[in-house]
Amino acid sequence: MTSQAADGPETVAGSRRSKITPEREQEFFDAVLDQIRECGYDAVSMEGVAASTRCSKSTLYRQWKTKPQFVAAALRAHSRPRFADIDTGSLAGDLREVAARAGARGFGRDARLLHGLTHAITQDECLRRAMRDAFVEPEIAGLRELLDRAVARGEIAADNPATEYVPAQILGVLRSRPLLEGRDADEAYLTRFIEAAVLPALGLGGGPPGGPTT
């Protein structure tokens, strides 16, 4: 597509939805999410995304009538649950695998994305729902499944009060380390957190929490 002058959404709202390839659509989604990570939601504009992807802004407005609709669609397309298929045979092994996957580079990028959307998702229900659909609920479901399997195996009691807080512990530390220390919660950090805080809370013996901070 080539750049061209275009009016705002009010002039294209009635236009027929254009056809774009899935690859081109993903390019648009990647561009808007990258800009949110770098600049924050408020600084992102349809015009800026159009310029970075060499298309007309009317193309974006035809596909997604507003910026919140565009970003919500990008969030849902970006959803890649990481915890859904974890099953090592033990809860400690499962949680260490959670640390390995959550510490991968992609999760750090997602934490920066959430940070860039923090204010916007408190103001827009469409964005809040999309964020939960894409990043929160799939991971919570995966963590709940591995906890349920641990109960079924007899590793932890069904009424263990700590199980309620495991998703908040893990997702919370992913969010908080960049804010507190200016660094992503990588695998080494998350493994120490699992060993020192999560496993003991569940009544399971963790390994030594020491080791060099990365």
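The legends below describe close-up views of one predicted protein model.

Local features are given where pLDDT is at least 70, and side-chain atom pairs count only at pLDDT 80 or more, while totals for chains, interfaces and linings use all residues. Residues are numbered from 1 along each chain as its sequence is written, and side-chain values use heavy atoms, with hydrogens and water left out.

**View 1. The whole protein has nine helices and zero strands.**
From the N terminus, the elements run α-α-α-α-α-α-α-α-α. Helices (H or I, at least four residues) and strands (E, at least two) are DSSP runs, numbered from the N terminus. The protein has 214 residues, and 40% of them count as buried. Buried means under 20% relative accessible area, exposed means over 50%, and partly exposed lies in between (1.4 Å probe, protein chains only). About 10700 Å² of the protein is exposed, with 53% supplied by carbon and sulfur atoms. Accessible areas come from the Shrake-Rupley method with a 1.4 Å probe; for residues, only the protein chains shown count as cover. Among contacts with a separation of 6 or more, 69% join residues 24 or more positions apart. Contact means heavy atoms within 4.5 Å.

**View 2. Helix 5 packs against helix 7.**
Helix 5 covers residues 91-102, and helix 7 covers residues 125-153. Their axes come within 10 Å and cross at roughly 165 degrees. Axes are lines fitted to C-alpha atoms, for helices over the stretch in contact, and angles run from 0 to 180 degrees between N-to-C directions. The two helices are therefore roughly antiparallel. That term applies to angles over 145 degrees; under 35 is roughly parallel, 65 to 115 roughly perpendicular, and the rest oblique. The crossing is right-handed: the near helix is turned clockwise from the far one by less than a right angle, whereas anticlockwise would be left-handed. Helix 5 contributes Leu91, Asp94, Leu95 and Val98. Helix 7 contributes Leu143, Leu146, Leu147, Arg149, Ala150 and Arg153. By class, this contact has seven nonpolar, no polar and three charged residues. Ala, Val, Leu, Ile, Met, Phe, Trp, Tyr, Cys and Pro count as nonpolar, Asp, Glu, Lys and Arg as charged, and the others, Gly among them, as polar.

**View 3. Helix 5 also packs against helix 9.**
Helix 9 spans residues 187-201. The axes lie 8 Å apart, at an angle of about 150 degrees. This crossing is right-handed. On helix 5, the contact uses Ala92, Leu95, Arg96, Ala99, Ala100 and Ala102. On helix 9, it uses Glu187, Leu190, Thr191, Ile194, Glu195, Val198 and Leu199. The residues divide into nine nonpolar, one polar and three charged.

**View 4. Arg153 of helix 7 meets Asp87.**
Arg153 is partly exposed, at 34% relative accessibility. Beyond neighbours within four places in sequence, Arg153 contacts Asp87, Gly89, Ser90, Leu91 and Asp94. Arg153 and Leu91 are 62 residues apart along the chain, with 9.3 Å between their C-alpha atoms. Asp87 sits in the loop between helix 4 (67-78) and helix 5. With the same neighbours left aside, Asp87 contacts Asp94, Arg149 and Arg153. The C-alpha atoms of Asp87 and Leu146 are 7.0 Å apart, across 59 residues of chain.

**View 5. Arg54 has a positive phi.**
The phi value is near 55 degrees, in a residue other than glycine. Most residues other than glycine have a negative phi. Arg54 lies in the loop between helix 2 (46-53) and helix 3 (57-63). Arg54 is exposed, with a relative accessible area of 62%.
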